[in-house]
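Please work through the exercises below with the structure open beside you, and try each task before you read its solution.

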Amino acid sequence: MRRIGVFVCHCGTNIAATVDVKTVAKTLGKEPAVVYATDYPYMCSEAGQNIIKDAIKEYQLEGVVVCSCSPRMHEATFRKMVAAAGLNPYMLEIANIREQCSWIHKDMQQATIKAIVLGRAAIAKVLLNAPLTAGESPVIKRALVIGGGIAGIQTALDIADAGYPVDIVEKEPTIGGKMTQIDKTFPTLDCSSCILTPKMVECSQNENITIYSYSEIEAVTGFVGNFSVKIRRKARYVDEDKCTGCGLCTEKCPVKNIPDAYNLGLSNRHAAYIPFAQAIPNVALLDSEHCIKLIKGKCGLCSKVCSAGAIDYEQTEKTIEQQYGAIVVATGYNPINIDGYDEFAYSQSKDVLTSLEFERILKADGPTEGHLQRLSDGKQPKALVFVQCVGSRESGSTHGCGKEYCSKICCMYTAKHAMLCREKYPDTDVYVFYIDVRTPGKNYDEFYRRAVEQYGVHYIKGMVGKVAPQADGTLDVQASDLIANEQLHIKADMVVLAAAIEADKTARPLATMLTASMDTNDFFTEAHAKLRPVESPTAGVFLSGACQGPKDIPDTVAQAGAAASKVIGLLAKDKLSCNPCTAHSDELKCNGCSSCANVCPYGAITYEDKDFSRRRDGSLIRRVACVNGAVCQGCGACTVACPSGAMDLKGFATSQIMAEVDAICK
């Protein structure tokens, strides 16, 4: 029988406050095969690791059980430590007595009993563990960035500057994202385009960056260091290599009444169009849903005026396949649909806008060329009301589209809007209704106080109950002032709603393709909130920007740089250690049914015809499963799907799992 050592961690008071760790160590020390058991306040510390190393040598331990926090936190740490002491790293088991025990129990006796049970299960498993050796796989030195907003752009630039090729895949016809639609940025009130446009141009001119605009991810296979990605390039009906971006086709196109997505439908565009003046790539495209030539086979005016001969009505979608060593997700966010908020009259009045629509009015290339005016009659408003938290921080919302979380950026951009209005139009009264003002950033609180103290914006703690359009074109805003304890009626010319933001709709299907984790709000989940904030739990997949949660531009750029540094560290390696906990098939049990191959997300399982001859004069050929250990990532899906029990997982064999169950039940 193996010689096992058990080491119980106090984790300060995280474990010791609820679990009697000394009793746990003493009890587990009496288990068969356990030759040494002890406890220590911080087993992951240098002193704690030295205790384990010394015990391995002194007691000639053949297996180690550490009762501590989640293996997601320190399993790699302890594996390196036992390897340094001369023990195979896969002869280590961790019993999670923090997250699965101390943190969910209040009664010490109950928690202590459970900790002992978890320790026994780990001992039972390590007794059946076999030494495993990690293989190696090459790293493809190319990165993929999914999303071409400021997060994707900054990530790509940082990776490219390190000398590695990067591909940006952007579903829109141009890179830039939401930042292209913004006028000024807080807290410095810098011009958004002045910051973003040079970066967009730098992306297009960087020899290490390839931009696949108007494209989407169709499929992802493979594993860290060796991903295979299919990219679907939608038809522009314009040859990107020939188009000069002169804009003649957009001027001559007779179809003019299509809502312009860049201006959020506040103005119209042609069927042949360039999204905006600074678009990258600066290439036109034809709207296949409205182009007369593409629908009816008539017109063709854009082709006649195009001197470069770039118009191609026969162009079709193309699918390209590329290999990558690392993938960065930067899919961004969208404002929620607020059509359900009828109390604010958003669908009843043109003068009730969302904050992003208000940004388009303030920006020089917007529908009003930067002039603050009502969309209903073109007049300058004399009173504006901003409503905070529309769809944010709603618990059990009856609207069906509200979010329980804080969208983080709304308080600051509302303060920015209020300041810009008062600065350009000092005779305009500005009111802001809020629940709380949240300004958690460098110089953010000072920025908010400037709006109140320097610009005279009226901040009122309370909520707007109803917005009612009046016969004279104004809006009656009915609200409460919680501090003054009174009901208010404000005659407003415009109402601006700070709509909550949510993850982009492409995030959920993309996460499925990447086998990445998501939270209940469809934001990507990081591997660890503190220790690995830009890494996905899926190895080789990294997170950048608002795809991971609501954040402003400074936080987005910071996270983009962090994600890029992780990618660079990965691509700098020539080879990666493979996970040795891979599946394997018992050929005598396998019946070749293909159930395992059908559920394998990595395509690691193939089939071979093997000769199981038992007589000299005959043969028995049978189809059996074969696992590619370099591709298998040890997810275990095949072991569950196999009807004959032929598939098993190294390090997590059925016999080991059942031994743990038996130890828990005894």
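The exercises that follow concern a predicted model, and they deal in turn with sheets, a helix pair and nonpolar cores.

**Exercise 1.** Find the order of the strands in the open sheet of three strands, and say which strands stand at its edges.

*Solution.* Begin with the order, which is 11-12-17, with antiparallel pairing. The edge strands are then strand 11 (215-223) and strand 17 (318-324), each of which pairs on one side only. On average, neighbouring strands of this sheet are turned by 20° against each other, direction ignored. Looking next at one pairing, we find that strand 12 (residues 226-233) and strand 17 are joined in the antiparallel sense over seven bridges, and that Ile231 has Ile320 in strand 17 as its bridge partner.

**Exercise 2.** Describe the open sheet of five strands, and explain why one side of strand 20 and of strand 23 is left without a neighbour in the sheet.

*Solution.* The strands follow the order 20-27-21-22-23, with parallel pairing. Strand 20 (352-354) and strand 23 (458-461) are at the edges and have a single partner strand each, so one side of each is left without a neighbour in the sheet. From one strand to the next, the twist averages 20°. Within the sheet, strand 21 (residues 383-390) pairs with strand 22 (residues 429-434) in the parallel sense over five bridges, and the bridge partner of Phe386 in strand 22 is Val432. Helix 10 (residues 355-362) packs on this sheet, where it touches strand 20, strand 21 and strand 27 (494-499), and its direction makes about 95° with that of strand 20.

**Exercise 3.** Work out how helix 4 and helix 17 cross, and which residues make the contact.

*Solution.* First take the geometry: the axes of helix 4 (residues 108-126) and helix 17 (residues 654-665) come within 8 Å and cross at roughly 150°, and the crossing is right-handed. The contact is then made by Val117, Arg120, Ala121, Ala124 and Lys125 of helix 4, together with Gln656, Ala659, Glu660, Ala663 and Ile664 of helix 17. Sorted by kind, the residues of this contact are six nonpolar, one polar and three charged.

**Exercise 4.** Identify the residues with the most contacts inside the largest nonpolar core, and the element that gives the most to this core.

*Solution.* The largest nonpolar core has 56 residues, and those with the most contacts inside it are Ile175, Cys203, Ile209, Leu286 and Val567. Several elements give two or more residues to this core, including helix 6 (192-205) and helix 14 (553-571), while helix 5 gives the most, with seven residues. Apart from this core lies another, of 41 residues, among them Val8, Met81, Leu92 and Ile97.

Key:
Residues are numbered from 1 along each chain as its sequence is written. This is a predicted model: local features need pLDDT of at least 70, side-chain atom pairs count only at pLDDT 80 or more; totals for chains, interfaces and linings use all residues. Side-chain values use heavy atoms; hydrogens and water are left out. Two strands pair if DSSP finds at least two bridges between them. Helices (H or I, at least four residues) and strands (E, at least two) are DSSP runs, numbered from the N terminus. Axes are lines fitted to C-alpha atoms, for helices over the stretch in contact, and angles run from 0 to 180 degrees between N-to-C directions. Contact means heavy atoms within 4.5 Å. A crossing is left-handed if the near helix is turned anticlockwise from the far one by less than a right angle, and right-handed if clockwise. Ala, Val, Leu, Ile, Met, Phe, Trp, Tyr, Cys and Pro count as nonpolar, Asp, Glu, Lys and Arg as charged, and the others, Gly among them, as polar. A nonpolar core is a set of buried Ala, Val, Leu, Ile, Met, Phe, Trp, Tyr and Cys residues joined through side-chain atoms within 4.5 Å. Buried means under 20% relative accessible area, exposed over 50%, partly exposed in between (1.4 Å probe, protein chains only).
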